[in-house]
Amino acid sequence: MGLVLPQQIEIQVAVNMAKYYENLGYEIPKKYNKRDHKWVYDRNATMKVDVRDLKPSSNLLVECECDICKEREKIPKSEYTRINGYVSKYGYDYLCLDCKFDVMPTAKLNVGTFKDNKEKIQKFLVRKLKSYVESNGYPQNKKLAFKPKNKMPTLRMYEEYLDGDLVDWLELCGYKLSNEEKYEMRTRGGQNKNYTKDDCISIIMNMQKHLDRPLEYKDFKYPTPDTLGVTHIKKYWGSVNKMKKELGLEIVQENMMDKQLTKDDFDKEVHYIVNFIKFDGRNFITTREINENSDWMSYGTLDRTCKKYYNIGLVQHLSSFGISFEKQGNGINYDFEDGEHVTSQFEYMFSRYLKEHGFKYQIDYFRDVKYSTFIEDYNGNMNCDYVIHNDNKIIYIEIAGIIAGYKTWYYENKVISYSKSKEQYRIKLLEKETMLKNANLHYYILFPCDLTNNNFQNILFNDNLDLKNKIESFYKNNIDWNKVRSIGELDYSQNVIRDFKKYSEKQKEAV
């Protein structure tokens, strides 16, 4: 079926798009301009259009139906256009990802509505593995099982998006494996099950030889044909430290904090973290945020303690409280109640401010809008982060979180030679700004250091050239984003700049 028909969508027609709809036969709402004594397009009026008349590159949501499973979902028109272009070669108008993968087993996952949405991709991988097991039983050989011919994503996809190994993936599917089954899978059929103590010593010494650090417990957790498992360590020595003592290997000091954290202490710590997150009005957290908070135990300590008392990792434990977990960096995956999806804490800050001040998503402001929809003679795929309709003005916003520490480099047009991806982003951002400037549009390039409530307010309600110049010339680095989250906003009067001199002194004292 593809697009569900008949289907209309209510839109607010931008001036640069009015001619497009007029040429299709639509009557565009107008109002009389007393100053210029003429009729002009009414920017605040709305009108209904047939979804088929939306531009192929439009980001407005349209309802589609999968030709195979008949499931319906709402996706951007641009995404429908992209999918239709691929599946039409196979005689379909639209396919959901599951069905598309069955028809096109080599299809990419990190695209469209799955783009940078790790949680969605993970759920899809789990569904496919569960379907395979229901038909074929547990995979006996990963390299043979994880093949497109079996309607399975590749092993590389699983290793990229899911933590752990095959045992962990099967447990995500809800299967309960015995210790014997786990061992069989992790040792490829238990081929190294009958090693003698001398065999084990030889393997251990070889493992140590190929590491530039002392052996740790984790090195024996997932054995391979060339390494040893914990079972053999316990069989011949009882513990890793006893083994290392006998073989004269360096013993890593035990973490005394782990020993001191009782179950009651751990539960209190988790509840404190959960309450902190929910008080902030969100449902996500990162390892960096946990590790940088001096009031909390480190992520590693909490994760090990969680496994000790609950037999699950911290990620799974926090999910039971409705908290999603992002492991590193500033990346997040968060959905507001109105359906808006953000993938960085900087987008989250800006979108939350808009909502708190009465701006409605998909009505007053739009996300990831194609430049081709408002820049003439541009047919590329670059998107604008925010397009805000405020009174009779449209403001275009780009948030440069990826090059957070390179604001001066950007305005001095310096090449970021240390990172290919950051340099590519810098070049694209310059292209975007050139288009915005040449089209005489109101726009702001906001770096993370610019994301203050005062700047937000002035941009929305006091937009002027002096403000733009002031923002562009301002620069701060080493912001403590963990403290920013605890305050609720980026406020420089609250001492949110890290003192790295003090940090270095503490590090030296620790050594």
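Colleague: What makes helix α17 a helix that lies across β12, β13, β14 and β15, and at about what angle to β13 does it run?

Modeller: Helix α17 (residues 345-356) lies across these four strands, running at about 15° to β13 (383-390). Contact means heavy atoms within 4.5 Å, and the angle, on a scale from 0 to 180 degrees, is taken between N-to-C directions of axes fitted to C-alpha atoms, for helices over the stretch in contact. The model is predicted: local features need pLDDT of at least 70, side-chain atom pairs count only at pLDDT 80 or more, and totals for chains, interfaces and linings use all residues. Residues are numbered from 1 along each chain as its sequence is written, and side-chain values use heavy atoms, leaving out hydrogens and water.

Colleague: Why are β12 and β15 called edge strands?

Modeller: The open sheet has the order β12-β13-β14-β15, with mixed pairing. Strands β12 (365-370) and β15 (442-446) each pair on one side only.

Colleague: How do you know that β14 pairs with β15?

Modeller: Pairing requires that DSSP finds at least two bridges between two strands. Five bridges join β14 (residues 393-399) to β15, and the two run parallel; the criterion is therefore met.

Colleague: What makes Cys200 in α9 buried and Asp198 exposed?

Modeller: Buried means under 20% relative accessible area, exposed over 50%, and partly exposed in between (1.4 Å probe, protein chains only). Cys200, Ile203, Ile204, Met207 and Gln208 are buried. Seen down the axis of α9, the buried residues fall within an arc of 135°, so they line one face of the helix. On the other side of α9, Asp198 and Lys209 are exposed.

How values were computed:
Arc of directions from axis to C-beta.
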